[in-house]
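Visitor: I'm new here and would love a walk through this one. Could you take my questions one at a time?

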Amino acid sequence: MKFWKRRWDSLENNKGILNLIGLATKAGRTASGEFSTEKAVKTGKAFLVIVSREASDNTKKKFANMCTYYEVPICIFGNKEELGRAMGKEMRTSLAVTDQGFAKAMVKKLNLNGGSKYESE
């Protein structure tokens with residue numbers, strides 16, 4: 001019984017994160033796609049970067065290194081289709097949240113505690 005409760009809680013948490021991504025997109029507080037995400041991080045506008053689990057190893061490494069250097073939290077979450085659907089667009093590999101409030105809420109739901117201060121899986 002505990003297994004199903006944990007699994008249900010996990011699904012509800014994922015749904016909440018996807019809902020927050022949708023709200024942030026409607027508010028105009030996200031940048032999606034590799035180039036836009038990279039630009040948001042390098043210009044200091046990104047407060048959180050989310051990369052799809054289906055992204056290539058090179059893409060994951062590139063964003064992990066960039067976010068560590070610019071001290072932006074990063075999370076590997078969801079698949080390309082989920083991220084795109086949450087944003088009301090087609091498949092998305094990466095996105096940057098450019099609002100501090102939305103980023104804090106997502107970090108709280110994601111429970112980031114990965115290997116370093118700025119990345120998680």
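**A guided tour**

Guide: Sure, and let's begin with two helices: α2 and α3 are roughly parallel to each other. Keep in mind as we go that this is a predicted model.

Visitor: At roughly what angle do the axes of α2 and α3 cross?

Guide: Two packed helices are described by the angle between their axes and the distance between the axes. Here α2 covers residues 34-42 and α3 covers residues 57-70, and their axes come within 10 Å. Angles under 35 degrees count as roughly parallel, and α2 and α3 are therefore called roughly parallel. Their crossing angle is roughly 15°.

Visitor: Is the crossing of α2 and α3 left-handed or right-handed?

Guide: The helices meet through Glu34, Thr37, Glu38, Val41 and Lys42 on the α2 side, and through Thr59, Lys62, Phe63, Met66, Cys67 and Tyr70 on the α3 side. By class, this contact has five nonpolar, two polar and four charged residues. As for its hand, the crossing of α2 and α3 is left-handed.

Visitor: Let me step back for a moment. In what order do the elements of the protein chain run?

Guide: The protein chain has five helices and five strands. Start at the N terminus and read along, and the order is α-β-α-β-α-β-α-β-α-β.

Visitor: What share of the contacts with a separation of 6 or more comes from residues 24 or more positions apart?

Guide: The chain has 121 residues, and 40% of them count as buried. Among contacts with a separation of 6 or more, residues 24 or more positions apart account for 79%.

Visitor: On to charges. Which residue in α3 does Glu38 form a salt bridge with, tying together parts 24 residues apart in sequence?

Guide: Glu38 counts as buried, at 17% relative accessibility. In its salt bridge the closest N and O atoms are 3.3 Å apart. Glu38 lies in α2 while its partner lies in α3, so the pair ties together parts that are 24 residues apart in sequence. That partner, partly exposed with a relative accessible area of 30%, is Lys62.

Visitor: And how far apart are the closest N and O atoms of Lys42 and Glu38?

Guide: Lys42 and Glu38 are four residues apart in helix α2, which means about one helical turn separates them. Lys42 is partly exposed, at 44% relative accessible area. Glu34, Glu38, Lys42 and Lys62 are all linked in a network of salt bridges. For Lys42 and Glu38, the closest N and O atoms are 2.9 Å apart.

Visitor: Which residue meets Glu81 in a salt bridge?

Guide: A search of the whole structure finds four salt bridges, and this one sits in helix α4, residues 80-87, where the two partners are four residues apart, about one turn of the helix. Glu81 is partly exposed at 47% relative accessible area, while its partner counts as exposed at 56%. The two side chains meet at 2.9 Å, N to O, and the partner is Arg85.

Visitor: Now for the inside. How far apart in space are Val51 and Thr93, C-alpha to C-alpha?

Guide: Val51 is found in strand β2, residues 48-51, and counts as buried at 0% relative accessibility. Leaving out residues up to four places away in sequence, the residues Val51 touches include Phe63, Ile76, Leu83 and Thr93. Val51 and Thr93 are 42 residues apart in sequence, yet their C-alpha atoms are separated by 5.9 Å.

Visitor: What distance separates the C-alpha atoms of Ile21 and Leu83?

Guide: Ile21 is found in helix α1, residues 2-26, and is buried with a relative accessible area of 0%. Not counting residues up to four places away in sequence, Ile21 touches Thr30, Ile50, Leu83, Ala86, Met87, Leu95 and Met106. Ile21 and Leu83 are 62 residues apart along the chain, and their C-alpha atoms are separated by 8.0 Å.

Visitor: One last stop: what is the phi of Glu71, about?

Guide: Most residues other than glycine have a negative phi. Glu71 is not a glycine, but its phi is positive. Glu71 is found in the loop between α3 and β3, and is exposed with a relative accessible area of 53%. The phi of Glu71 is about 55°.

Methods:
Residues numbered from 1 in each chain as written. Predicted model: local features only at pLDDT ≥ 70, side-chain atom pairs only at ≥ 80, totals over all residues. Heavy atoms only, no water. Axes fitted to C-alpha atoms, helices over the stretch in contact; angles between N-to-C directions. Parallel < 35°, antiparallel > 145°, perpendicular 65-115°, else oblique. Left-handed = near helix turned anticlockwise from the far one by under 90°. Contact = heavy atoms within 4.5 Å. Nonpolar A, V, L, I, M, F, W, Y, C, P; charged D, E, K, R; others polar. Buried < 20%, exposed > 50% of the residue type's maximum accessible area, 1.4 Å probe, protein only.
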